[in-house]
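Please read the following points with the sequence and the structure open beside you. They are meant for someone who has not met this structure before.

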Amino acid sequence: MEILLALDSFKGSISSIDVENVIEKTIKKIDDSINVIKVPLADGGEGTLDAIKYSKDCIIENIEVTGANGKKIIVDIAYIDYDTAIIEVAKIVGLSILKDDEKDPYKLTSLGVGEAIKYLLDKNIKKIYIGLGGSSINDAGFGMLYALGLRYYSKDNKELSYMLSDMEILDRIDTRYFDKRIFDKEIILLSDVNNPLCGSNGASYIYGPQKGLKDVEKTDKLIKKFALKLSPECIEKSGSGSAGGLGFAFLYCNGHMKSGIKEIMDILNIESMIKKADYIITGEGRIDSQSLNGKLPIGVASIAKKYNKKVIAMVGSKELNLDEVYKNGIDLVLDIINKPMSLDFAMENVEILLEDTTKTLLQIISLIGGKNNETISNEV
């Protein structure tokens, strides 16, 4: 029997790779005859590059760029062929890599993202995937575009910096020295966020507070003022509010928004693995009605159902009513919470809880029959 593991991370608790390692170890301990195929997944956000590196033969290069806090950092770039590269924004300006006292978008910059793009332009890379999730910034690409050559000026013609705070006195944008090579590249934006840049459903209002943004209304107005000067037509585009407005900046660069999970699954050719597997185990930290909006488990299930495969989602927690989830290809949802417990306790003991839930999973497969009605070892 073959079981395919295709899970996302349980964000803030355990990576997709470690989730699958725990499940595989538990399965093998119970029945070593089961063939387990691991394909850690991500949806374009944090963990995307690690998932690609794990499952795909690619070249990894380390480059130095400016981190969100202005300090130089070393980040990975993955090349999946000679002229195609993948950048993960969370590796450069990720919220999770900052200290708590650093989480303030007015003190942060997206400059390093632009530096990474410029590096790839110098290498004449023709296709660039950008994983947009997990960012700490909220500057609409103000810093990124500065790294690519935009220059900003105040009313008295003073040149401004690339920091969000300088956007307050922005009067004029000079595009003469912008690196126009980017317009000739294929820029694929991996995101399942469809928020516009500004307004009550925009980057500042929806995602700003969790990044430490205090004056949401003021910031939203500043960003709109900047965006109107640069590219009014991109403000309302779907996804322009992703990654603190980096979506807007990349759309200005002729980027194309794509479903993160669909693109990642295509890159990893997961459909061919689903065809061969008897059971598909997917999952993430939580599954609920929001999971229908382009989330990873539903994306995996949509492919599996083409081949009438059974799909079981293993999750950190679940909503009470999952009728719509079950209508969209998931056959069973198993959450790892087996008794009343705090979130902190669950996160600290996630591996033990995953082991216990995997044993339950194998019991269920045994009851419904494995491949050709084989049964799982009685050691469960």
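1. In this predicted model, Asn-338 touches Leu-353 and Asp-356, leaving aside residues up to four places away in sequence. With the side chain of Asp-356, the side chain of Asn-338 makes a polar contact of 3.4 Å. Asn-338 itself is placed in the loop that runs between strand E15 (332-335) and helix H13 (343-348), and it counts as partly exposed because its relative accessibility is 45%, a value that falls between the limits of 20% and 50%.

2. Leu-353, one of the residues that Asn-338 touches, is among the buried residues of helix H14, which also include Val-350, Leu-354, Thr-357, Thr-358, Leu-361, Leu-362 and Ile-365. The cover over these buried residues includes strand E1 (2-7), helix H1 (16-30), strand E11 (279-283), E13, E15 and H13. Helix H14 (residues 350-368) has 19 residues, and the reach from its first C-alpha to its last is 27 Å, close to the 27 Å expected at 1.5 Å a residue. Just after H14, Gly-369 takes a positive phi of about 95 degrees.

3. How is the open sheet of six strands ordered? The order is E3-E4-E5-E6-E9-E10, and the pairing is mixed. E3 and strand E10 (256-258) stand at the edges with a single partner strand each, so one side of each is left without a neighbour in the sheet. On average, and with direction ignored, neighbouring strands of this sheet are turned by 30 degrees against each other.

4. Two pairings show how the sheet comes to be mixed in its directions. Strand E3 (residues 59-66) and strand E4 (residues 72-81) pair in the antiparallel sense over eight bridges, and within this pair Ile-63 stands opposite Val-75 in E4. The hairpin of E3 and E4 has five residues between the strands, and there Gly-70 takes a positive phi near 90 degrees. Strand E9 (residues 186-190) and E10, by contrast, run parallel and are joined by three bridges, with Leu-190 standing opposite Lys-258 in E10.

5. Two helices that pack on this sheet deserve a look. Helix H4 (residues 111-122) touches E3, E4, strand E5 (84-88) and strand E6 (127-131), and its direction makes about 135 degrees with that of E3. Helix H9 (residues 260-268) also packs on the sheet, touching E4, E5, E6, E9 and E10, and its direction makes about 115 degrees with that of E9.

6. The 12 residues of H4 should span 16 Å at 1.5 Å a residue, and the end C-alpha atoms of the helix are 17 Å apart, which agrees. Its buried residues are Leu-111, Gly-112, Val-113, Gly-114, Ala-116, Ile-117, Leu-120 and Leu-121. Just after H4, Asn-124 takes a positive phi of about 60 degrees.

7. Is Asp-179 buried or exposed? With a relative accessible area of 8%, Asp-179 is buried, and its place is in the loop between strand E8 (172-174) and E9. Its side chain is joined to that of Lys-118 by a polar contact of 2.9 Å, and it makes a polar contact of 2.6 Å with the side chain of Arg-181. Not counting residues up to four places away in sequence, Asp-179 touches Lys-118, Leu-121 and Leu-148.

8. Most residues other than glycine have a negative phi. Against that background, Ala-140 has a positive phi of about 55 degrees, and phi of Asn-308 is likewise positive, near 55 degrees. Ala-140 is in the loop between E6 and helix H5 (142-147) and is buried, with a relative accessible area of 0%, whereas Asn-308, in the loop between helix H11 (296-304) and strand E13 (310-315), is exposed at 69%. The C-alpha atom of Ala-140 is separated by 42 Å from that of Asn-338, and the two residues are 198 residues apart along the chain.

9. As to confidence, the mean pLDDT of the protein is 92, and 96% of its residues reach 70 or more. Over residues 372-380, however, pLDDT stays under 50, and for this stretch the model has 19 contacts beyond four places in sequence.

How values were computed: Residues numbered from 1 in each chain as written. Predicted model: local features only at pLDDT ≥ 70, side-chain atom pairs only at ≥ 80, totals over all residues. Heavy atoms only, no water. Helix = DSSP H or I, 4+ residues; strand = E, 2+ residues; numbered from the N terminus. Buried < 20%, exposed > 50% of the residue type's maximum accessible area, 1.4 Å probe, protein only. Contact = heavy atoms within 4.5 Å. Polar contact = N/O pair within 3.5 Å; in protein donor to acceptor, adjacent residues only side chain to side chain. Pairing = 2+ DSSP bridges. Axes fitted to C-alpha atoms, helices over the stretch in contact; angles between N-to-C directions. Expected span 1.5 Å × (residues − 1). pLDDT = per-residue confidence, 0-100.
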